[in-house]
Amino acid sequence: MCMESGHEPKQEMEQMPEQNPEEYSFMQEVIKDEKRDVSVISKKIGKWALAGVVFGAAACMGFFALKPWAETVFQKDADQVEIPKDDDTEKETESEVTEPVQQELTIDSYRELNRVLTETASEAKKSVVMVTGIRQDENWTSGQSKASLQTSGLIVADNGREVLILTGYSDMKNASLFQVQFIDGTEHEAVMKQKDGNLNLAVFSVAKSGITQETWEKIKVAVLGNSNTLVQGRTLLAMGSPFGYEDGFGVGVASSVGASVIRADGEFQIVVTDMPATKKGSGFLFDSYGSAIGIIDAGLMGENGAETLTGIGISAVKSEIELMCNGKNVPYIGVTGTIVTSEMSQVQEIPEGLYVTEVEVDSPAMKAGIQSGDVITKVGDAGIGSLGDYHKAVLKQEAGKTITLYGQRRGAENFVDIKFNVTVGIKQ
């Protein structure tokens with residue numbers, strides 16, 4: 001029994017048919033060299049990595065190439081600039097100066113005063129820049145020609161897309177390319193945003209996208225003070241190029257604050273100091289708190305005979321600065337005159353209003369037929385009781401639009417009503 005059962009498997013094996021090798025071809029596995037597999041995989045990984053590097057480099061180059069376009073298209077719109085209005089009630093407080101407490105002054109007192117003023121000037125100077133204009137036909141490397149078209153500028157606003165810089169216009173009038181140098185020495189391309197030939201002012205813009213964070217930490221927008229509250233004898237700081245050379249700094253006092261200068265369509269306060277002046281000087285006057293209080297104008301020297309630094313009070317031109325910062329034209333009619341008050345009207349038998357003393361050549365006023373001796377009583381619906389009223393009424397107009405000025409003109413016996421259709425212009 002055991003023997004039989006022990007031989008059964010052997011017989012079964014002997015009786016199994018011969019197998020076809022093709023039926024087991026799936027078992028014919030090729031054994032690969034493990035080292036060779038690693039080499040192939042490494043090469044593939046290397047190719048993928050190289051492709052990634054190339055793609056990344058191309059993407060970076062594309063990003064930087066399209067960055068200026070993207071910033072222009074997708075960045076937010078520029079904010080409307082609003083120059084803070086003056087609170088003239090401060091003038092009463094400024095005028096009520098109490099008697100100073102007498103104390104013994106020493107050399108240390110002078111040192112402390114000098115230290116405080118220097119610190120104030122250092123902070124205010126962050127808003128002062130140098131604007132350079134280049135003529136289209138001149139050599140950029142010519143230092144002498146380049147210097148002849150340089151003037152000081154003041155950072156007066158930031159609209160979210162641009163830094164806006166106030167400066168004189170006549171110095172830049174013949175230039176076609178502009179550069180601004182900040183206090184840290186960095187230079188940036190600038191564009192003349194708007195100009196006013198009547199007040200000899202211009203506003204330049206520098207794109208914020210080109211200013212580094214390091215420079216941002218070293219510059220600031222100036223605080224525009226209230227020149228209407230300035231009191232004679234107060235300490236003033238002069239910065240920019242007030243003495244004809246770059247990065248000048250002077251300390252003096254306000255020797256006169258009650259004078260004014262007549263320009264077309266208005267009367268403007270001027271601030272006279274006791275600091276020596278030069279006809280090549282430019283810059284800005286600051287009070288002892290570091291607020292900008294005046295715009296140095298060498299052209300004023302010839303008008304009032306002063307040989308000391310003189311500037312237009314900042315309060316007198318804040319409306320014009322705001323218009324230019326927003327890219328708007330400063331309206332211009334071209335009339336110079338004096339106000340006829342009710343008392344003068346009774347004595348001189350002249351109607352109340354703006355008595356025209358001069359009409360500028362080729363001005364909108366001249367083209368409309370306004371003549372010296374005419375009295376303007378209204379600009380549109382606005383009555384004229386002072387030069388300030390007339391100035392404000394003109395600034396509310398829009399260049400290119402036609403408005404009606406009402407007035408009176410002397411006839412054969414007395415004054416007769418007359419009106420003028422004036423197309424508001426700009427002065428280049």
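This is a short tour of one predicted model, stop by stop.

**Whole chain**

Start with the full chain of 428 residues, of which 38% are buried. Colour by secondary structure to find eleven helices and 19 strands. Now turn on contacts. Among those with a separation of 6 or more, 62% join residues 24 or more positions apart.

**Helix α4**

Select residues 107-124. This is helix α4, with 18 residues. Put a distance between its end C-alpha atoms: they lie 26 Å apart. At 1.5 Å a residue the expected span is also 26 Å, so the two values agree.

Which residues of α4 are buried? Pick L117, T120, A121 and A124. They cover an arc of only 100° around the axis, which means they sit on the same side of α4. Look at what that side meets. The buried residues pack against four strands: β1 (128-134), β7 (235-241), β8 (248-256) and β11 (282-287).

**The loop between β7 and β8**

Stay with β7 and move into the loop that joins β7 to β8, where P242 is found. Is P242 buried or exposed? P242 has a relative accessible area of 0%, so it counts as buried. Show what surrounds P242. Beyond its neighbours within four places in sequence, P242 is in contact with G248, T278, G281, S282, I296 and L309. Take I296 from that set: it is 54 residues from P242 along the chain, yet their C-alpha atoms are separated by 7.4 Å.

D247 lies in the loop between β7 and β8 as well. Its relative accessibility is 53%, so D247 counts as exposed. Check the backbone here. Phi of D247 is near 60°, a positive value in a residue that is not glycine. Most residues other than glycine have a negative phi.

**The loop between β15 and α10**

Jump to D362, in the loop between β15 (353-359) and α10 (364-367). D362 is not a glycine, but it has a positive phi of about 60°. With 57% relative accessibility, D362 counts as exposed.

**Second largest pocket**

Go back to G281 and S282, both contacts of P242. They also help to line the second largest pocket, where Q150, D171, K280, G281 and S282 lie nearest the centre. The full lining has 30 residues, and the space amounts to about 550 Å³.

Which elements supply at least two residues each of this lining? Select α5 (143-147), β2 (150-158), β3 (162-168), β11 and β12 (292-296). β11 should be familiar, as one of the strands that the buried residues of α4 pack against. Colour the lining by class: ten residues are nonpolar, 15 polar and five charged.

**Largest pocket**

Finish at the largest pocket, which holds about 640 Å³ of space. Its lining has 24 residues. Centre the view on N228, S315, A316, H391 and K392, which lie nearest the middle of the pocket. The elements that give two or more residues to the lining are β10 (266-276), α8 (318-325) and α11 (387-395).

Which element gives the largest share of this lining? Select α11: it contributes five residues. Colour by class again. Here the lining divides into eight nonpolar, eight polar and eight charged residues.

Definitions and conventions
Residues are numbered from 1 along each chain as its sequence is written. This is a predicted model: local features need pLDDT of at least 70, side-chain atom pairs count only at pLDDT 80 or more; totals for chains, interfaces and linings use all residues. Side-chain values use heavy atoms; hydrogens and water are left out. The expected span of a helix is 1.5 Å times one less than its number of residues. Buried means under 20% relative accessible area, exposed over 50%, partly exposed in between (1.4 Å probe, protein chains only). The arc is that of the directions from the helix axis to the C-beta atoms. Contact means heavy atoms within 4.5 Å. On a 1 Å grid over the protein atoms alone, a cavity is a set of points where a 1.4 Å probe fits but cannot get out, and a pocket is an open set with protein on both sides within 12 Å along at least five of seven lines; lining residues have an atom within 4 Å of a point. Grid points are joined across faces, edges and corners, and a volume is the space filled by probe spheres set on the points. Ala, Val, Leu, Ile, Met, Phe, Trp, Tyr, Cys and Pro count as nonpolar, Asp, Glu, Lys and Arg as charged, and the others, Gly among them, as polar.
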